[in-house]
Amino acid sequence: AFVNGDRALRRSEIARWLAYRIYSRLRMIPLRTKWGSRTPKTSIKGVIHIRIQQRNGRKTLTTVQGISDAYDKKKLAKYAKKEFACNGTVVMHPEYGEVLQFQGDQRNHIARFLLQIGLAAEEQIKMHGF
């Protein structure tokens, strides 16, 4: 059992405690830009495209394109990687600019993540592939 202060926590309490810690970190992402100013939750006007690409065999890549430059994409990738337990990075695309890439089929996870932290509305997210 995990000890928090004087009392031992059971597995369900540990899960709730970890979920709260992760959520408390994630909900602050969209409020701060890389320049440190606060932005409203509706600051993204365009569409966010979530695509899946087949690599080799069963391996796939999920790309996210269309997130505003006002947000720190490296910080978003960092928290998303922890949330989805996968690897990811920010790459520079010649046509689309900075694009988030994640290993595996993370389309539903990313869409839910963007909605949960308030970065985009449901009608702004477009999923492509398969």
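**Exercise 1. Determine what share of the contacts in the protein chain between residues at least 6 apart in sequence join residues at least 24 apart.**

Solution. Take a contact as heavy atoms within 4.5 Å. Among contacts between residues at least 6 apart in sequence, 54% join residues at least 24 apart. The model is a predicted one, in which local features need pLDDT of at least 70, side-chain atom pairs count only at pLDDT 80 or more, and totals for chains, interfaces and linings use all residues. Residues are numbered from 1 along each chain as its sequence is written, and side-chain values use heavy atoms, with hydrogens and water left out.

Next, list the elements. Helices (H or I, at least four residues) and strands (E, at least two) are DSSP runs, numbered from the N terminus. The protein chain has 3 helices and 7 strands, in the order β-β-α-β-β-α-β-β-α-β from the N terminus on.

**Exercise 2. Place Gln-65 in its element and state whether Gln-65 is buried or exposed.**

Solution. Start with the element: Gln-65 belongs to strand E4, residues 60-65. Then apply the cut-offs: buried is under 20% relative accessible area, exposed over 50%, and partly exposed in between (1.4 Å probe, protein chains only). Gln-65 counts as buried because its relative accessibility is 13%. For the chain, 34% of the 130 residues count as buried.

Now take the neighbours. Leaving aside residues up to four places away in sequence, Gln-65 touches Val-47, Ile-48, His-49, Arg-51, Tyr-96 and Val-99. With Arg-51 there is also a side-chain to side-chain polar contact at 3.0 Å. A polar contact is a pair of N or O atoms within 3.5 Å; within protein, one must be able to donate a hydrogen and the other to accept it, and residues adjacent in sequence count only if both atoms are side-chain atoms.

**Exercise 3. Describe the backbone and exposure of Ala-85.**

Solution. First locate Ala-85: the loop between H2 and strand E5 (88-93) holds this residue. Then read phi, which is near 55° for Ala-85, a positive value in a residue other than glycine. Most residues other than glycine have a negative phi. Last, Ala-85 has a relative accessible area of 73%, so Ala-85 is exposed.
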